[in-house]
Amino acid sequence: MLRTAVPFVVFVLLMLLLWAGLGLNPRELPSPLVGRPAPAFELPELLDPEARFQHEALLGQASLLNVWASWCVSCRAEHPVLMELARAGVPLYALNYKDTRADAMAYLRRGGNPYRAIGFDEAGQVGIDWGVYGTPETFVIGPDGVIRYKHVGPLTQRVLTEKILPLMKSLEGGPS
């Protein structure tokens, strides 16, 4: 009796675990960095290789750091949303992730540049430090440099309206 009961109990527990997993949102991957200071970095600027983009640029006001690449189809889908954010005055910065400078610059010429500064992370090392799984990903950074939220996947009006903009507004120095 016990010999058949143990596999049955294991099976039921496994099914419960799998069922619970179906209710999770894959866009909300947990990040160990949320609630911690943003990783320090220094990268060449995409548009000016002689200039440097450093993590200090993210301090002093609530801002967004968007991780994108020219080869990323989802990044193209979110680009109009980013352009709208920039027009609204939202402080928007970027990491160009595992890309070529020429392709990234052509991408921005076609779609416009919504970013205040873009770090060129050709090897993807800074992305690794930030826990990037892929592109696009967007981080909300508080004025104190602490990561407050991470969104995996393209930004949409719904995500902005329901999560990101209210969070930024609640942070000191966030957009009004």
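## Glu 137, a buried acid

Glu 137 has 0% relative accessibility, so this residue counts as buried. The model is predicted. Glu 137 belongs to strand 6, residues 137-141.

What does the side chain of Glu 137 reach? The partner is the backbone nitrogen of Gly 134, at 3.1 Å. Beyond four places in sequence, Glu 137 has contacts with Leu 65, Asn 66 and Val 67. Gly 131 and Val 132 are also in contact with Glu 137, as are Lys 150, His 151 and Val 152.

## The sheet

Strand 6 is part of an open sheet of five strands. The order is 5-4-3-6-7, and the pairing is mixed. Which strands form the edges? They are strand 5 and strand 7 (147-152), each paired on one side only. From one strand to the next, the twist averages 15°.

Strands 6 and 7 run antiparallel, joined by five bridges. Within this pair, Val 140 has Tyr 149 of strand 7 as its bridge partner. Strands of a sheet pair through backbone hydrogen bonds, in parallel or antiparallel fashion.

## Helices on the sheet

Helix 2 packs on the sheet and touches strand 3, strand 4 and strand 6. Its direction makes about 155° with that of strand 3. Helix 5 (residues 157-170) lies across strand 3, strand 6 and strand 7. The angle between helix 5 and strand 7 is about 165°.

Helix 3 covers residues 101-111. Which of its residues are buried? Ala 104, Ala 106, Tyr 107 and Leu 108 are. In an α-helix, residues three or four places apart point the same way, because there are 3.6 residues a turn. The buried residues of helix 3 pack against strand 3 (63-68), helix 2 (73-87), strand 4 (92-97) and strand 5 (118-121). Gly 112 follows helix 3, with a positive phi near 95°.

## Two nonpolar cores

The largest nonpolar core holds 27 residues. Leu 64, Trp 68, Tyr 115, Leu 155 and Ile 164 have the most contacts inside it. Strand 3, helix 2, strand 4, helix 3, strand 5 and helix 5 each give two or more residues to this core. A second core is separate and has 18 residues, including Phe 41, Leu 58, Ala 117 and Phe 139.

Ile 164 touches Leu 64, Leu 155 and Val 159, with residues up to four places away in sequence not counted. Val 140 and Tyr 149, the bridge partners noted above, are also touched by Ile 164, as is His 151. Nonpolar side chains tend to be buried together in soluble globular proteins.

Notes: Residues are numbered from 1 along each chain as its sequence is written. This is a predicted model: local features need pLDDT of at least 70, side-chain atom pairs count only at pLDDT 80 or more; totals for chains, interfaces and linings use all residues. Side-chain values use heavy atoms; hydrogens and water are left out. Buried means under 20% relative accessible area, exposed over 50%, partly exposed in between (1.4 Å probe, protein chains only). Helices (H or I, at least four residues) and strands (E, at least two) are DSSP runs, numbered from the N terminus. Contact means heavy atoms within 4.5 Å. A polar contact is a pair of N or O atoms within 3.5 Å; within protein, one must be able to donate a hydrogen and the other to accept it, and residues adjacent in sequence count only if both atoms are side-chain atoms. Two strands pair if DSSP finds at least two bridges between them. Axes are lines fitted to C-alpha atoms, for helices over the stretch in contact, and angles run from 0 to 180 degrees between N-to-C directions. A nonpolar core is a set of buried Ala, Val, Leu, Ile, Met, Phe, Trp, Tyr and Cys residues joined through side-chain atoms within 4.5 Å.
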